[in-house]
Amino acid sequence: MWYRVKCNHERQTNSMKISEIISSGVPSLSFEIFPPKVDTALADVKEAARKIAALSPSFMSVTYGAGGTTAGLTLEVADAVENGFGVTALAHMTCLSSDKSVIKEHLSALREKGIENVLALRGDVPAGAEPHRGDYAHASDLARDIVSFGGFCVGGACYPEGHPESPSQKEDVENLKIKAEAGCEFFTTQMFFDNNILYNFLYKIREAGIKVPVIAGIMPVTNGSQIKRICALSGTALPQRFKQIVDRYSSDPRAMAQAGIAYATEQIVDLYANGIGAVHVYSMNKPEVAEAIVRNVGAIIGRPE
Ligand code: FAD
């Protein structure tokens with residue numbers, strides 16, 4: 001069975017805690033959606049979310065605009081996913097510029113909507129903006145507060161190639177351990193394009209005593225020119241094999257999309273084959289990308305024809 005159905009706020013939802021989804025033993029495949037920057041684009045984003053939800057993913061994550069700029073829209077899209085489309089929603093939440101009272105208010109609003117999963121993040125200061133110093137320095141501080149608020153399954157982010165601000169991967173792993181001890185029940189990785197990087201990272205964190213399940217984050221690249229900039233910012237390495245694809249096809253959008261989805265599919269198949277039970281696809285509000293991935297790996301994750 002793909003989902004456990006429960007009754008929530010008098011609406012039928014398929015909501016589950018992400019920790020339960022991961023430990024169910026069924027391979028999980030989830031997708032990400034980001035809310036619009038302006039209300040006017042909300043209908044388009046909800047339509048994209050509806051189409052992705054129709055693919056019955058294990059859950060869908062909804063990002064949070066830098067510095068909490070789209071908090072209300074994150075809530076609205078997560079509500080649509082959870083209660084409108086019947087798919088478990090994972091609401092992202094950042095804390096860098098937030099006061100504790102704002103965080104509590106947002107948690108109460110999520111609880112009110114029956115959303116049970118939160119990804120606790122620090123966030124980045126938007127380029128050119130003066131950082132407002134709030135009550136939080138690190139994602140682990142936020143995770144601790146969400147856990148003590150109660151009722152949520154809390155996750156965090158992790159970085160197989162090290163967070164770009166970290167002086168060393170060793171320090172980054174030590175900080176990840178603090179996040180695990182703060183109560184994170186799962187970690188989702190930054191995108192990576194070489195699975196060996198994830199396997200090495202898992203070895204290191206397990207050796208450091210971090211037992212929290214890790215969800216592998218995969219980005220099917222459909223826009224070649226964007227990816228070089230994103231990778232430079234996030235410190236993600238582009239393997240030579242992937243660079244060849246981008247160099248060759250980035251000027252032809254259809255060819256780039258086909259090659260990017262094929263590359264991501266190959267990564268995902270290898271991850272499941274090597275016992276990684278949970279894959280999260282950075283689907284960038286593109287239902288056609290999510291559909292292609294489901295088509296390519298449906299049998300592998302045991303979906304009926
Ligand atoms: P932290 O865990 O706080 O880590 C940030 C840095 O501080 C790291 O270098 C870490 O090693 C260090 N550190 C952590 N704890 C300590 C400590 N106790 N003492 C000293 N140093 C410490 N951004 C958004 O704005 N909205 C989103 O929705 C969003 N979703 C994301 C989802 C995923 C899966 C990922 C990987 C990233 C996401 N981001 C998002 C980006 C993220 O906010 C940035 O990468 C940010 O730079 C770090 O956030 P973090 O939660 O990992 O922070």
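**Helix faces, helix packing and positive phi angles**

N285 is buried, with a relative accessible area of 15%, a value under the 20% that sets the limit for a buried residue. In this predicted model, N285 belongs to the loop that joins β10 and α11. Its phi is positive, about 60°, although N285 is not a glycine. M284 is also placed in the loop between β10 (278–281) and α11 (287–297), and M284 likewise has a positive phi without being a glycine, at about 50°. The relative accessibility of M284 is 29%, so M284 counts as partly exposed.

Positive phi values also occur just after two of the helices. G183 takes a phi of about 120° just after α6, and G235, which follows α8, has a phi near 75°. The two helices that come before these glycines can each be described by a buried side and an exposed side.

Helix α6 (residues 169–181) consists of 13 residues, and the distance from its first C-alpha to its last is 18 Å, close to the 18 Å expected at 1.5 Å a residue. Its buried residues are D172, V173, L176, K179 and A180. These residues lie on the same side of α6 because they cover an arc of only 105° around the axis. The spacing can be understood from the geometry of the helix: an α-helix has 3.6 residues a turn, so residues three or four places apart point the same way. The buried residues of α6 pack against two helices, α5 (139–149) and α7 (195–207), and against two strands, β7 (153–158) and β8 (186–189). The face turned away from this buried side carries K170 and E181, which are exposed.

A similar description applies to helix α8. In α8 (residues 224–234), the buried residues are G224, I227, C231 and S234. Viewed down the axis of α8, they fall within an arc of 85° and therefore line one face of the helix. The partners of these buried residues are α9 (240–249) and α10. On the other side of α8, the residues S225, R229, A232 and L233 are exposed.

Helix α10 (residues 253–273) also packs with α7, at an angle of about 35° and with the two axes 10 Å apart. The crossing of α7 past α10 is right-handed. In this contact, N195, L198 and Y199 of α7 meet Q267, D270 and L271 of α10. By class, the residues of the contact are three nonpolar, two polar and one charged. Helix α7 thus takes part in two of the packing arrangements described here, since α7 is also among the elements against which the buried residues of α6 pack.

Another helix pair is formed by α2 (residues 42–53) and α3 (residues 71–84), whose axes come within 10 Å and cross at roughly 35°. Here, too, α2 passes α3 in a right-handed crossing. From α2, the contact involves L42, V45, K46 and A49, and from α3 it involves L73, E76, V77, A80 and V81. The contact of α2 with α3 has seven nonpolar and two charged residues, with no polar residues.

Methods:
Residues are numbered from 1 along each chain as its sequence is written. This is a predicted model: local features need pLDDT of at least 70, side-chain atom pairs count only at pLDDT 80 or more; totals for chains, interfaces and linings use all residues. Side-chain values use heavy atoms; hydrogens and water are left out. Helices (H or I, at least four residues) and strands (E, at least two) are DSSP runs, numbered from the N terminus. The expected span of a helix is 1.5 Å times one less than its number of residues. Buried means under 20% relative accessible area, exposed over 50%, partly exposed in between (1.4 Å probe, protein chains only). The arc is that of the directions from the helix axis to the C-beta atoms. Contact means heavy atoms within 4.5 Å. Axes are lines fitted to C-alpha atoms, for helices over the stretch in contact, and angles run from 0 to 180 degrees between N-to-C directions. A crossing is left-handed if the near helix is turned anticlockwise from the far one by less than a right angle, and right-handed if clockwise. Ala, Val, Leu, Ile, Met, Phe, Trp, Tyr, Cys and Pro count as nonpolar, Asp, Glu, Lys and Arg as charged, and the others, Gly among them, as polar.
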